[in-house]
Amino acid sequence: MSSAYYISSSCVISDRVIYRNGLPVFSGEESPLPDLLISAYRHFGYQYLKFFKMDNLGKLGWLAAEILLSGGFDKNRYRPEEVGLVLSNAHASLDTDTRYYETVKDIPSPALFVYTLPNIVIGEISIRHGFKGENAFFVSESFDAGFIEHYVTRLVNNDILQACICGWVDVLGDRYKAALFLVEKEKRENSVTFTAKNLNNLYALQNG
Amino acid sequence: MSDLKSQIIAQLNLQDVKPEDIGDDQPLFVEGLGLDSIDALELIVLLQQQYQIKLSNSDEGPNVFRTVRTMAEYIKAHQAQNS
């Protein structure tokens with residue numbers, strides 16, 4: 001399927017470094033993922049109390065989306081229903097599922113229970129930015145750029161979406177990676193064509 | 001009440017909030033501290049874990065969890081009842 005759409009911006013978080021459009025914008029000390037995410041949150045000066053309540057997958061995806069959209073994305077160009085999210089990962093919500101399972105032995109934690117689905121991260125990003133468009137979360141062994149290109153292109157071709165945040169957000173213990181892409185119909189400064197090849201190139205930028 | 005505020009902060013993972021940031025009579029939900037329904041469940045867990053109090057009547061919830069002071073009064077009353 002040929003694409004006439006564009007990747008307006010990208011954000012990759014991997015191996016303690018955050019990249020925006022291929023350039024490092026934050027580098028953390030060697031530390032566990034939760035500390036790294038909070039350190040980055042504070043570095044960028046975000047003010048969003050709910051961030052601290054999110055699980056690691058939620059924090060990682062939320063932070064990646066925040067940085068992805070920080071460079072000139074104007075959500076007023078679109079109606080809330082025209083902006084959607086298509087995310088994927090390998091471990092669904094397993095990182096939080098196991099933590100929740102541990103609490104079941106005592107008193108189950110409601111705050112952990114609400115994160116025992118991977119698509120909750122889509123909800124967190126949507127609530128933050130007011131997006132109400134189509135969304136989906138897929139689980140696959142590895143990042144499938146061809147599938148993401150195909151699925152998102154169909155959504156945009158059929159006017160279900162005008163803009164889409166898509167990509168990969170995965171956490172399991174100390175292993176993590178986020179790679180989010182903003183896809184729009186219009187070409188913007190520094191945008192690249194929305195193809196599987198370009199998705200893979202941006203995803204593997206630092207081979208994390 | 002300072003201990004209770006610290007317990008609330010720890011239970012709800014409010015990392016950017018200090019005990020002194022929470023007023024004794026400040027509403028905990030919506031316009032006050034901005035807590036939500038999941039937080040309400042976590043506060044019920046807090047009462048159970050820290051004070052061995054099981055909220056027997058769910059209708060009591062809105063009054064018990066209105067402010068830190070109402071929570072503290074509920075805990076005191078419960079402890080007096082059981083001493």
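**Figure 1. The charges of chain A in this predicted model.** Take the 20 positive and 24 negative charges of chain A, average the positions of each set, and the two mean points sit 4 Å apart. This is a predicted model, so read every view below with that in mind. The accessible surface that goes with chain A comes to about 9,600 Å², and carbon and sulfur atoms account for 49% of that area.

**Figure 2. Chain A as a whole, with seven helices and eight strands.** Along the principal axes, the C-alpha trace of chain A spans about 55 × 35 × 35 Å. How does the radius of gyration of chain A sit against that of a compact globule? A compact globule of 208 residues would come out near 17 Å, and chain A has 16 Å, which agrees. Buried residues make up 53% of the 208 residues in chain A. As for who touches whom, count the contacts in chain A between residues at least 6 apart in sequence: 68% of these join residues at least 24 apart.

**Figure 3. Helix α5 of chain A and what covers it.** Helix α5 takes in residues 120–129 of chain A, and its buried residues are A:Val121, A:Ile122, A:Glu124, A:Ile125, A:Ser126 and A:His129. So what lies over them? The cover includes α2 (56–68), β4 (83–89) and β5 (135–139), which also belong to chain A. Just after α5(A) comes A:Gly130, with a positive phi near 75°.

**Figure 4. A closer look at A:Ser126.** This serine belongs to helix α5 of chain A. Is A:Ser126 buried or exposed? A relative accessible area of 12% puts A:Ser126 among the buried residues, because the cut-off for buried is under 20%. Set aside the neighbours within four places in sequence, and A:Ser126 is in contact with A:Leu85 and A:Phe131.

**Figure 5. A:Glu81 and the residues it touches.** You'll find A:Glu81 in the loop between α2 and β4 of chain A. With a relative accessible area of 39%, A:Glu81 counts as partly exposed. Which residues does A:Glu81 touch, once those up to four places away in sequence are left out? They are A:Lys132, A:Gly133, A:Ile160 and A:Leu161. The view also takes in A:Phe131: although A:Glu81 and A:Phe131 are 50 residues apart along the chain, their C-alpha atoms are separated by 6.5 Å.

**Figure 6. Two loop residues of chain A with positive phi.** A bit of background for this view: most residues other than glycine have a negative phi. A:Asp15 is not a glycine, yet its phi is positive, about 50°. Look for A:Asp15 in the loop between β1 (6–14) and β2 (17–20) of chain A. The other residue to pick out is A:Ala92, again not a glycine, with a positive phi near 45°. A:Ala92 is in the loop between β4 and α3 (94–104) of chain A. Its relative accessibility is 22%, so A:Ala92 counts as partly exposed.

**Figure 7. Where chain A meets chain B.** How many residues does each chain bring to the contact? Chain A supplies 14 residues and chain B supplies 16. Between them, the two chains bury an area of about 1,200 Å², and carbon and sulfur atoms give 59% of it. On the chain A side, the residues losing the most area to chain B are A:Phe52, A:Lys53 and A:Ile107, which together make up 44% of what that side buries.

**Figure 8. Chain B, with four helices and zero strands.** Starting at the N terminus, the elements of chain B run α-α-α-α. The radius of gyration of chain B is 12 Å, close to the 12 Å that the globule rule gives for 83 residues, so chain B is as compact as a globular protein of that length. Measured out along the principal axes, the box filled by the C-alpha atoms of chain B is roughly 35 × 25 × 20 Å. Of the 83 residues of chain B, 37% count as buried. When contacts in chain B are counted between residues at least 6 apart in sequence, 51% join residues at least 24 apart.

**Figure 9. The surface and charges of chain B.** Chain B has an accessible surface of about 4,700 Å², with 47% of that belonging to carbon and sulfur atoms. Chain B carries 6 positive and 13 negative charges, and the mean positions of the two sets are 6 Å apart.

Key
Residues numbered from 1 in each chain as written. Chains lettered and ligands numbered in written order. Predicted model: local features only at pLDDT ≥ 70, side-chain atom pairs only at ≥ 80, totals over all residues. Heavy atoms only, no water. Rg over C-alpha atoms; globule rule 2.2 N^0.38 Å. Buried < 20%, exposed > 50% of the residue type's maximum accessible area, 1.4 Å probe, protein only. Contact = heavy atoms within 4.5 Å. Areas by Shrake-Rupley, 256 points an atom, 1.4 Å probe, with all protein chains shown as cover. Lys, Arg positive; Asp, Glu negative; His and termini not counted. Charge placed at Lys NZ, Arg CZ, Asp CG, Glu CD. Buried area = accessible area lost by both parts, 1.4 Å probe.
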